[in-house]
Amino acid sequence: MAVKIDQPSEVGEYDEAMQALLQLLWGDGFLSPGGAAEVACLLEGSDLSGCAVLDLGCGLGAVDELLVTQHGARSVVGVDVDPGLLQTMTQRLRRAGLAERITTQCVRPGPLPLGAGTFDVVFSKDAIVQIPDKAAVFEDAYRLLRPGGWLIASDWLRGGSGPYSAEMLEYFRLEGIAYNMASLPETVAALAQAGFVDIKAQDRAGWYRDLARREFAALAGELRSLVSARIGAARTEHFVNNWRQLVLVLERGDLRPTHLKARKPG
């Protein structure tokens, strides 16, 4: 779902190191920034009580637990392309006693093998950025929603259009992937083309810029020895450089995390 560039030779080790680092920064089971507080911010003004929810790119499942235990969802189906993440998520759900209310499905890129009109809410947190064809994602979300259902997502958008800046390309190199990023106007147009109405967007770039600055300071300072003990000094140095570049592209406005909400008429 993303183009690999300048990839480390030990892919599995790199993935495990990244997972360990992100959970140190964001909390157990979280692979996107902000933890429970950012999920609550994304859902502010939305009522999930009794809803059947689909989570696109569910990762390790901490967000899905919150959707059920704190935000009232009746059930959640979490889909992801990574079977390793889903295996860990399944173990997590069993320990939490939530395996009957939260289920997982490993999928391939493309239309999901799920029935039309199945869900009240299609949810995603920072995963659509990895999918090249945004229009296809939104069209499939529209198909899967019941009339009156909502798409609620946070996504990493880009500032402007045209070629990526040198700073963003260096960030991609350090990340090991080239994200498939759209601008806000492109995203709104794709949502409208899919049939969505009541499209709303909230820019979260300032919030994440400030958070990333604190994360970088912690990685370069008080957390460095802890992270080194977990993933090794060389990996730690790589991620310190990665976060330095992340702060830079956020400060430049090249990277613009955004909350999105859109409704299927009915």
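In which strand is D198 found? Select D198 in this predicted model, and the residue turns up in strand β8, which spans residues 197-203. Its backbone deserves a look, since D198 is not a glycine and yet has a positive phi of about 50°. With a relative accessibility of 40%, D198 counts as partly exposed.

Next, select D126, which is another residue that has a positive phi, here of about 60°, although it is not a glycine. D126 sits in the loop between β5 and α5, and because its relative accessible area is 14%, under the 20% cut-off, D126 is buried.

Stay in this loop and add A127, which lies between β5 (119-125) and α5 (134-144). A127 is buried as well, with a relative accessible area of 15%. If you display what surrounds A127, leaving aside neighbours within four places in sequence, you will find it in contact with L56, G57 and S154. A distance drawn from the C-alpha atom of A127 to that of L145, 18 residues away along the chain, comes to 18 Å.

From the loop, move into helix α5 and select D140. At 11% relative accessibility D140 counts as buried, and, apart from neighbours within four places in sequence, its contacts are G110, P111 and L112. The C-alpha atoms of D140 and I128 are 13 Å apart in space, while the two residues are 12 apart in sequence.

The next stop is helix α3, residues 62-69, where you should select E65. This glutamate counts as buried, at 15% relative accessibility. Beyond residues up to four places away in sequence, E65 touches Q70, R92, L93, A96, L98 and I102.

Now show α3 together with helix α4, residues 83-96: their axes come within 10 Å and cross at roughly 35°, and the crossing is right-handed. On the α3 side the contact is made by A62, D64 and E65, and on the α4 side by M89, R92, L93 and A96. Colouring this contact by class gives 4 nonpolar and 3 charged residues, with no polar ones.

For a second helix pair, select α6 (residues 166-175) and α10 (residues 233-252), which pack at an angle of about 150° with their axes 9 Å apart. At that angle α6 is therefore roughly antiparallel to α10. The crossing of α6 past α10 is left-handed. To see the contact itself, display E167, M168, E170, Y171, L174 and E175 from α6, and opposite them H238, N241, N242, Q245, L246, L248, V249 and R252 from α10. The residues of this contact divide into 6 nonpolar, 4 polar and 4 charged.

The last stop is the interior. In soluble globular proteins, nonpolar side chains tend to be buried together. Here the largest nonpolar core has 53 residues, and those with the most contacts inside it are V53, L67, F123 and L246. L246 was already on display, as one of the α10 residues that meet α6. Centre the view on L67, which, not counting residues up to four places away in sequence, touches L43, L48, V53, G72, A73, V76 and F123. Apart from this core lies another, of 24 residues, among them L56, I131, L191 and A194. Selecting L56 leads back to the loop, where L56 is one of the contacts of A127.

Methods: Residues numbered from 1 in each chain as written. Predicted model: local features only at pLDDT ≥ 70, side-chain atom pairs only at ≥ 80, totals over all residues. Heavy atoms only, no water. Core = buried A, V, L, I, M, F, W, Y, C linked by side-chain atoms within 4.5 Å. Buried < 20%, exposed > 50% of the residue type's maximum accessible area, 1.4 Å probe, protein only. Contact = heavy atoms within 4.5 Å. Axes fitted to C-alpha atoms, helices over the stretch in contact; angles between N-to-C directions. Helix = DSSP H or I, 4+ residues; strand = E, 2+ residues; numbered from the N terminus. Parallel < 35°, antiparallel > 145°, perpendicular 65-115°, else oblique. Left-handed = near helix turned anticlockwise from the far one by under 90°. Nonpolar A, V, L, I, M, F, W, Y, C, P; charged D, E, K, R; others polar.
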